[in-house]
Amino acid sequence: MNFPVRFARDQWYVAAYGSEIGREPFPRTILGEALMFYRTRSGRPIALADRCVHRRFPLSQSHLDGDNVVCGYHGFTYDPTGACVAVPGQKRIPRTARVPAYPVIEQDSFVWVWIGDVEKADPGRIPRAPWLDQDGWTTVCGMEPLKAPYGLLVDNLLDLSHETYLHGGYIGTPEVAETPIRTEVDDEQEVVYVSRHMEDAACPPFYSESTGIEGRIVRWQDIEYHPPCLYLLHSRVAPTGLLPNQDGTDPGGFHVEVVYAITPETESSTHDFWAVARDFALEDEKVSDFLRESNRTVVLQDVVALDTLALALGIELGIEREGYQELSINIDTGGLAARRIIKAQIARGDGARNEYGADQVVAG
Ligand code: FES
Ligand SMILES: [Fe+2]
């Protein structure tokens with residue numbers, strides 16, 4: 001079966017925050033596949049195709065019976081492996097009566113799902129964001145739906161010079177656009193690093209209000225992008241002149257880990273997960289509220305810009321750029337490296353599709 005290869009299917013993607021999934025069926029479309037999630041009684045997250053094999057009723061509109069899902073239309077019942085264990089009106093259950101089940105791993109507060117070839121699903125390859133779920137850090141987070149292809153969000157996050165223009169008054173200051181970046185690519189591990197170190201910069205409200213620093217700052221932005229899904233921005237701010245100690249300790253610095261998970265919903269829409277973890281003012285609810293509100297505002301500024309861009313381009317884009325011209329400069333080196341890696345991931349194979357069985361009638 002052919003389907004568009006605009007996604008790297010043999011990769012782990014963030015499907016949800018762990019807190020979103022419980023004992024109620026939960027729908028979410030990932031890479032164009034309608035999935036439903038729930039937890040077993042022991043708390044294990046499960047992902048099944050969200051279409052009953054009988055007449056394709058969404059299983060997310062059904063209910064749980066213990067660890068099983070009972071279709072809300074005619075009662076086909078599925079266990080956590082997707083196997084049908086009961087059908088109405090007959091004892092015999094067709095051998096092909098099953099829905100696809102997808103590998104799922106819960107880690108660092110995220111639920112990760114694997115859409116591609118099940119044989120290749122290696123949980124050891126899931127990139128880490130430990131701060132989101134670790135002592136010594138406090139996290140605020142959210143998810144905004146984006147009506148733009150994921151490739152536009154990759155571009156957006158890899159080039160933070162836009163902070164100066166799109167996010168002025170929140171996180172943007174003139175120094176962000178003025179300061180050159182350093183880009184490094186680890187092709188073997190498939191990681192893109194983009195660094196911008198500002199040694200004497202204005203302190204934007206996002207940091208002045210959360211840290212209490214008055215005056216100018218050292219501001220380091222160190223991006224670590226693990227294509228396709230996980231983006232980490234290691235951010236350090238401190239009063240100007242205050243650098244980490246020789247041994248790497250940094251008691252005078254304020255550290256913020258800004259984490260994005262970029263998960264395609266369809267070819268033309270994206271789940272934009274964002275989280276902000278900090279190692280200061282851990283118990284301060286006011287700081288949490290401020291950072292949550294500020295970062296959400298910033299993300300929504302990006303959402304508006306990218307929705308506008310997608311509409312203006314008028315074409316569905318994955319990572320490919322066809323049918324129009326664009327000009328890249330130094331600030332785009334990270335984004336271009338990211339596209340190259342995602343294209344290579346796509347080219348390595350599109351993964352086996354979880355096939356539905358053919359139409360069958362089986363008498364009891
Ligand atoms: S559609 Fe699910 S049981 Fe009929
Ligand atoms: Fe932005």
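**View 1. Aromatic pairs in the predicted model, with tyrosine 231 and tyrosine 260 as the example.** In this predicted model, the structure holds twelve aromatic pairs. One of them is formed by tyrosine 231 and tyrosine 260, whose ring centres are 5.8 Å apart and whose planes stand at 75°, an edge-to-face arrangement. The pair links distant parts of the chain, with tyrosine 231 placed in strand 16 (residues 230–239) and tyrosine 260 in strand 17 (residues 254–266), 29 residues apart. Tyrosine 231 counts as buried because its relative accessibility is 1%, and tyrosine 260 is likewise buried, with a relative accessible area of 6%, the cut-off for this class being under 20%.

**View 2. An aromatic cluster and a charge over a ring.** Tyr17, Phe110, Trp112 and Phe273 form one aromatic cluster. In another contact that involves an aromatic ring, the charged end of arginine 236 sits over the ring of tryptophan 220, at 5.0 Å from the centre of that ring.

**View 3. The site of the iron ion (ligand 2).** The iron ion (ligand 2) is coordinated by NE2 of His162, NE2 of His167 and two OD atoms of Asp302, at 2.1 to 2.4 Å. The angles that the four donor atoms subtend at the iron ion run from 58 to 139°, and the arrangement is therefore irregular; a tetrahedral assignment would need all angles to lie between 85 and 135 degrees. Along the sequence, the donor residues follow the spacing H-x4-H-x134-D. Because histidine 162 lies in the loop between helix 1 (150–158) and helix 2 (163–166), while aspartate 302 belongs to helix 5 (residues 285–313), the pair ties together parts that are 140 residues apart in sequence. Both histidine 162 and aspartate 302 are buried.

**View 4. An open sheet of three strands.** The strands of this open sheet follow the order 1-11-10, and their pairing is antiparallel. Strand 1 (12–17) and strand 10 (104–107) are the edge strands, each of which pairs on one side only, and the twist from one strand to the next averages 30°. Strand 10 and strand 11 (residues 110–114) run antiparallel and are joined by four bridges; within this pairing, valine 104 has valine 113 of strand 11 as its bridge partner.

Conventions: Residues are numbered from 1 along each chain as its sequence is written. Chains are lettered from A and ligands numbered from 1 in the order in which they are written. This is a predicted model: local features need pLDDT of at least 70, side-chain atom pairs count only at pLDDT 80 or more; totals for chains, interfaces and linings use all residues. Side-chain values use heavy atoms; hydrogens and water are left out. Donors are N, O and S atoms within 2.8 Å of the metal (3.2 Å for Na, K and Ca); water is not among the atoms, so sites may look incomplete. Four donors count as tetrahedral if all angles lie between 85 and 135 degrees; four count as square planar and six as octahedral if opposite donors are over 155 degrees apart and all others between 65 and 115; anything else is irregular. Helices (H or I, at least four residues) and strands (E, at least two) are DSSP runs, numbered from the N terminus. Buried means under 20% relative accessible area, exposed over 50%, partly exposed in between (1.4 Å probe, protein chains only). Rings of Phe, Tyr and Trp (its six-membered ring) pair if their centres lie within 6.5 Å; planes under 30 degrees apart count as stacked, over 60 as edge-to-face and the rest as tilted. A charge sits over a ring if NZ of Lys or CZ of Arg is within 6 Å of the ring centre and within 35 degrees of the ring normal. Two strands pair if DSSP finds at least two bridges between them. Axes are lines fitted to C-alpha atoms, for helices over the stretch in contact, and angles run from 0 to 180 degrees between N-to-C directions.
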